[in-house]
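Me: I would like to go through this entry by question and answer. Please keep each reply short and end it on the value or name I ask for.

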Amino acid sequence: MGAAVDLSTTYLGLPLRSPLVASASPLNGDPETARMVEEGGAAAIVLPSLFEEEILHEELQLNQALEAGSGHFAEALDYFPAVPELAGAGERYVRALERIKAQASVPVIASLNATTRGGWVRWAKALQDAGADAVELNLYHVAADPDLTGAAMEARDLDLVAAVRAAISVPLAVKLSPYYSAFANVAREVVRAGADGLVLFNRFYQPDLDLENLGVVVRLDLSQPWELRLPMRWTAILRPQLGPAVSLAATSGIRAAVDVVKALMVGADVAMMTSAALREGPAHFAAVEADLRLWMVRHGYASVDQLRGCATQDHAEDPSAFERANYMQTLHSWSAPPGLVAPGS
Ligand SMILES: Cc1cc2nc3c(=O)[nH]c(=O)nc-3n(C[C@H](O)[C@H](O)[C@H](O)COP(=O)(O)O)c2cc1C
């Protein structure tokens with residue numbers, strides 16, 4: 001039996017048994033493996049994203065098929081594929097979501113990946129209708145267009161958040177990139193545009209080069225624990241700015257109970273895991289939960305509520321440690337390995 005600590009938390013208004021959430025990953029998109037993730041101890045499940053590209057591709061195919069038929073006699077329409085056959089990724093996603101929702105006893109969050117506003121946003125409503133307890137809007141783009149300013153890109157993102165917000169009544173989380181030039185402002189504006197919570201951060205996958213055939217290689221490396229530091233810093237900064245009503249989820253580098261403790265202490269409501277669950281298997285959630293209970297008992301914490309937010313920026317002895325001041329100290333803290341002596345010393 002677990003140690004007597006109260007792990008319950010609330011995320012996007014949803015009461016959760018514990019703060020351990022399975023972030024968007026292929027494990028959670030299939031009803032069989034999603035069941036294993038829930039049985040493995042996840043307190044909520046985020047499905048992998050339904051991608052804007054997939055939906056647009058599907059709609060394009062459908063339009064082409066319908067247009068191709070428009071110049072022909074009615075009987076010729078028999079030659080065209082039936083709409084259900086063309087209903088690909090979106091429909092498949094909705095069906096998987098319905099099945100996962102029907103079997104799950106934990107909240108199920110659907111994820112929509114987007115780069116632009118468009119008619120496809122109506123899919124957010126389809127996810128809600130299929131039973132999603134909340135929708136996570138995953139914003140992922142690389143701002144490589146030199147004519148696109150930061151302000152224009154942010155305006156586009158906010159417009160998109162507002163469009164998805166308008167399409168649904170269930171809670172909305174927005175998974176953000178850390179690569180905005182003024183992140184605190186973007187975070188606040190995303191909340192003003194209608195987000196109930198922020199997921200920090202989207203993890204950017206960097207392509208590599210194959211030097212033998214000069215090809216670009218798609219690389220998906222699972223995360224390392226040090227990657228938690230970026231979401232930690234920003235959660236610590238944003239929690240006092242956004243207030244307790246806005247949900248914050250930490251994602252990237254969370255592997256062990258101590259990582260969960262850090263995420264909660266800086267003000268996260270939940271700690272999400274994907275890489276650790278892919279490495280260790282779905283039962284990793286239960287293992288981390290057991291360690292979390294032990295850690296809390298040993299350190300005298302009775303509940304997640306008590307732990308949450310005790311190390312946010314406004315509680316820090318030196319608030320600037322989360323900001324720039326810490327840059328110089330960090331650089332100066334490096335000490336040369338034996339044998340490597342700076343010139344002139
Ligand atoms: C194989 C794989 C697939 C993923 N698919 C998605 C996805 O569809 N949508 C999304 O928002 N994030 C996706 N992610 C990102 C994770 O949800 C998570 O935010 C990221 O891996 C950082 O957390 P971690 O350090 O616990 O892995 C994926 C990650 C992995 C490793």
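The turns below treat the ligand site of this predicted model, then single residues and backbone geometry.

Me: How many residues surround the ligand, and how do they divide by class?
Reply: The closest residues to the ligand are Ala24, Ser49, Ser223, Gly253 and Ser275. They belong to a shell of 20 residues. By class, that shell holds nine nonpolar, nine polar and two charged residues.

Me: Which residue has a polar backbone atom 2.6 Å from an oxygen atom of the ligand?
Reply: Ser252 places a polar backbone atom 3.5 Å from a ligand oxygen, which does not fit the distance asked for. Asn138 lies 2.9 Å from a ligand oxygen, but through a polar side-chain atom. The backbone atom at 2.6 Å from a ligand oxygen belongs to Ala24.

Me: How much of the accessible area of the ligand does the protein cover?
Reply: The contacts to ligand oxygen include a backbone atom of Ser252 at 3.5 Å. On its own, the ligand has 600 Å² of accessible area. The share of this area covered by the protein is 91%.

Me: Which element gives the largest share of the shell around the ligand?
Reply: The ligand takes up the space of the largest pocket. Two elements give two or more residues to the shell, namely β4 (44-51) and α10 (275-280). The largest share is three residues, and they come from β4.

Me: Is Ser49 buried or exposed?
Reply: Ser49 is in strand β4 and is one of the residues closest to the ligand. Its relative accessibility is 12%, and the limit for a buried residue is under 20%, so Ser49 counts as buried.

Me: Which side chain makes a polar contact of 2.7 Å with the side chain of Ser49?
Reply: The side chain of Ser49 has a polar contact of 3.1 Å with the side chain of Asn138. Asn138 also has a polar side-chain atom 2.9 Å from an oxygen atom of the ligand. The contact of 2.7 Å joins Ser49 to the side chain of Ser111.

Me: What is the C-alpha separation of Ser223 and Arg255?
Reply: Ser223 is in the loop between β10 (215-217) and α8 (229-242). Ser223 has a relative accessible area of 8% and is therefore buried. Ser223 and Arg255 are 32 residues apart along the chain. Their C-alpha atoms are separated by 9.0 Å.

Me: Which backbone nitrogen lies 3.1 Å from a polar side-chain atom of Ser18?
Reply: Ser18 is in the loop between β2 (14-16) and β3 (20-22). Its relative accessible area is 0%, so Ser18 is buried. The backbone nitrogen at 3.1 Å from its side chain is that of Leu20.

Me: How far apart in space are Val37 and Phe285, C-alpha to C-alpha?
Reply: Val37 lies in helix α1 (residues 31-39) and is buried, with a relative accessible area of 1%. In sequence, Val37 and Phe285 are 248 residues apart. In space, their C-alpha atoms are apart by 8.0 Å.

Me: Is Ala102 buried or exposed?
Reply: Ala102 lies in helix α4 (residues 89-103). Ala102 and Gly131 are 29 residues apart in sequence and 8.5 Å apart in space, C-alpha to C-alpha. The relative accessible area of Ala102 is 69% and the limit for exposed is over 50%, so Ala102 is exposed.

Me: What is the omega of the peptide bond that joins Leu200 and Phe201?
Reply: Most peptide bonds are trans. The bond between Leu200 and Phe201 is cis, and Phe201 is found in the loop between β8 (197-200) and β9 (208-210). Its omega is about 5°.

Me: Leu12 and Leu214 each have a positive phi near 55°; which of them counts as exposed?
Reply: Most residues other than glycine have a negative phi. Leu12 is in the loop between β1 (9-11) and β2, and at 6% relative accessibility Leu12 counts as buried. The other residue lies in the loop between β9 and β10. At 69% relative accessibility, the one that counts as exposed is Leu214.

Terms used
Residues numbered from 1 in each chain as written. Predicted model: local features only at pLDDT ≥ 70, side-chain atom pairs only at ≥ 80, totals over all residues. Heavy atoms only, no water. Near = heavy atom within 4 Å. Polar contact = N/O pair within 3.5 Å; in protein donor to acceptor, adjacent residues only side chain to side chain. Areas by Shrake-Rupley, 256 points an atom, 1.4 Å probe, with all protein chains shown as cover. 1 Å grid on protein atoms, 1.4 Å probe; cavity = no way out; pocket = protein on both sides within 12 Å on 5 of 7 lines; lining within 4 Å. Sits in = over half its atoms within 2 Å of the grid points. Helix = DSSP H or I, 4+ residues; strand = E, 2+ residues; numbered from the N terminus. Nonpolar A, V, L, I, M, F, W, Y, C, P; charged D, E, K, R; others polar. Buried < 20%, exposed > 50% of the residue type's maximum accessible area, 1.4 Å probe, protein only.
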